[in-house]
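Visitor: Before we begin, might we look at the structure together and discuss some of its side chains?

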Amino acid sequence: MGLLYGLIAVGLALIFGLMDVTNFAHGEFLMIAMYLSFFLFAFFAIDPLLSAPLVAAALFIFGAVVYLLLVRFAMRAKANAGMVQIFTTFGLAIVMRGLAQYFFTPDYRSIPQSWLGGKTISVAGIFLPEPQLVGALVSIAAFAGLYFFIHRTDFGRALEATREDPGAVALVGIDKNRVFAFGWGLGAALVGLAGAIMAVFFYIYPDVGASFALIAYVTVALGGFGSVFGAFAGGIIVGLVEAVTALVLPPSLKSVGIYAVYLLVVFIRPRGLFGSI
Amino acid sequence: MDKDFAARRRRDLIIAAVLAVIAALTPLFVKDVVVQNILILTLMYAGLSQSWNILSGYCGQISLGHALYFGLGAYTTELLFTKFGVLPWFGMLAGGVVSALIAMGLGYPFFRLRGHYFVIATIVIAEIGLLLFHNWEWAGAAMGITIPIRGDSWLKFQFLRTKLPYFYFALALCCLAWFVTWWLEDSKWGFWWRAVKDNPDAAESLGVDVFNSKMGAAAVSAFLVAVGGSFYAQFVSYIDPESVMGFQFSLLMALPAVLGGIGTLWGPVLGAAILIPLTELTRFKFGGSGRGVDLIVYGSLIVLISLALPRGLLSLFSRPKKTGAAR
């Protein structure tokens, strides 16, 4: 579970690290991804495990379009820049939720029979549900891939450089908007991947994103905005804390533990565990 | 410049008085209960947004957790009323004091955080409050509290036959929040807040007590919002955690100010006057279908306005070029 939180959060961390914009519609991106893999399953009988790359690709395009159509302009605002970004992405979240309700109705849906659904695997006497296990493996692979991508490829370097100094980057002929759009696409693709996997074992409904979004923000902030490794670590911590809280407190209070740990961490390190400056 | 400022302040006060009188007279012409309801909510949100604006607009500490203070006001009042029979008027005061104290208590750790870390901390703390009230048996847990009917009087702040007293109270609350903002704008604190918002480090180096001025803003803001929460509880006469401490209240308080012009005297009033009737009407027209059209309309509006007018609608009225220096 923690690794999945991490996977949801890492896209957010990427977007934030890239350009200091918090995407408050992140949960809704997740919701869209879950619906996509649901419909791919319902109409074409494509198992979520197979459709995950498709969903990720679709979300990539979606993320890039959102950047080009909305966020690009929000970043240009001279006055109240922080507010404009918060409320632009927030407004987008509300619209997406409304659209989901309009087209998909508020009904709860689930994917009844996928390859993984409901199966468990026994490892050294411990029973692990397969979907979560696959989710965890995909998360680790995605983190490794992203880490490699940012630190080893040209485009990753361009991303980093654009974040450091957009002006200088323009001088050497890199188009800031293209880099950022790509970054948004990548962030959205990661949450798309998470959504496709989660569609197997979570109910799908228009507000589903909201319940994960706050945890994603907490995960990112816990690790420190802008740090991929931080999001990974944050995800694991959040997963563990949730499991421990669930043991000592009533289930309805399990998120309280996560929030309390977040508050504790930022009071001690106001920039999160692995955040710079 | 100083003369301009004084003149503007006098003008603001006169406009406010005229608007208040006009608002006070509207019930003479508007008899429709649905419309009266919308007017009451509009006034309430104008007041709430004005209070939110003190901390988030003037002082620049963007809080998306003010639902906590709203809920605390509502719960303090109603718990005192239903469990101990304390009149809502005292409960209201108690709720305000409790919220202000909690806001200051939270200020100690929170005001060290900056930017997104602060915003997320405020959301998180409100969410914790919500979950705790959800599980607090004595306070009704998820079932909430139904406020018993104890008669129709100003003393008990309950009115069964007419909504008018609620209307006048909401108006009074709105005027109070406006007046407090107006008064603080020209005080030492007002200037400090703007300095803190623009550049906390520079302000600190010039001798502004950054921490204490943030604390002051938080206390005033939380107090007024809690009074709004008490009012709301009496008005709807049923509260549960979700309906008074839900995240939507944090948003609904922030949006009018953002829409009208954040950190301005008139922004919240203007924003509420447009946004709340619009919200209520879209909900009235489309909400019943349960298909989310109201959300689509509402959300698109937020996106459009925040992109097109980052300073809020108020910036349309201010003469170009002059604003930058004056405010």
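Visitor: In this predicted model, is B:Phe179 buried, partly exposed or exposed?
Guide: The relative accessible area of B:Phe179 is 41%. Buried requires under 20% and exposed over 50%. B:Phe179 is therefore partly exposed.

Visitor: Where do B:Phe179 and B:Trp182 lie?
Guide: B:Phe179 and B:Trp182 are three residues apart, about one turn of the helix. By its relative accessibility of 12%, B:Trp182 counts as buried. The helix that holds both residues is H6 (residues 164-185) of chain B.

Visitor: Which residues make up the aromatic cluster that includes B:Trp89?
Guide: The cluster is a single group of aromatic residues in chain B. Its members are B:Trp89, B:Tyr166, B:Phe169, B:Phe231 and B:Phe235.

Visitor: How many aromatic pairs are there over all chains, and what is the geometry of A:Phe29 and A:Phe62?
Guide: The count over all chains comes to 20 aromatic pairs. For A:Phe29 and A:Phe62, the ring centres are 5.2 Å apart and the planes stand at 65°. Planes over 60 degrees apart count as edge-to-face. The pair is therefore edge-to-face.

Visitor: Which helices does the pair of A:Phe29 and A:Phe62 link?
Guide: The two residues are 33 residues apart and belong to distant parts of the chain. A:Phe29 is buried at 1% relative accessibility, whereas A:Phe62 is partly exposed at 28%. The helices are H2 and H3 (residues 48-76) of chain A.

Visitor: What is the N to O distance in the salt bridge of A:Glu28 and A:Arg97?
Guide: A:Glu28 counts as buried at 1% relative accessibility, and A:Arg97 as partly exposed at 22%. A salt bridge requires a side-chain nitrogen within 4 Å of a carboxyl oxygen. The side chains of A:Glu28 and A:Arg97 meet with an N to O distance of 2.8 Å.

Visitor: Which residue of the salt bridge between B:Arg11 and B:Asp12 counts as buried?
Guide: The side chains meet at 3.8 Å, N to O. B:Arg11 has 42% relative accessibility and counts as partly exposed. At 1%, the buried residue is B:Asp12.

Visitor: Which residues of chain B does A:Tyr259 touch, leaving out residues up to four places away in sequence?
Guide: A:Tyr259 is among the residues that touch the most other members of the largest nonpolar core, which has 182 residues. In chain A, A:Tyr259 touches A:Leu214, A:Ile215 and A:Val218. In chain B, A:Tyr259 touches B:Val124, B:Glu127, B:Ile128 and B:Leu131.

How values were computed
Residues are numbered from 1 along each chain as its sequence is written. Chains are lettered from A and ligands numbered from 1 in the order in which they are written. This is a predicted model: local features need pLDDT of at least 70, side-chain atom pairs count only at pLDDT 80 or more; totals for chains, interfaces and linings use all residues. Side-chain values use heavy atoms; hydrogens and water are left out. A nonpolar core is a set of buried Ala, Val, Leu, Ile, Met, Phe, Trp, Tyr and Cys residues joined through side-chain atoms within 4.5 Å. Buried means under 20% relative accessible area, exposed over 50%, partly exposed in between (1.4 Å probe, protein chains only). Contact means heavy atoms within 4.5 Å. Rings of Phe, Tyr and Trp (its six-membered ring) pair if their centres lie within 6.5 Å; planes under 30 degrees apart count as stacked, over 60 as edge-to-face and the rest as tilted. Helices (H or I, at least four residues) and strands (E, at least two) are DSSP runs, numbered from the N terminus.
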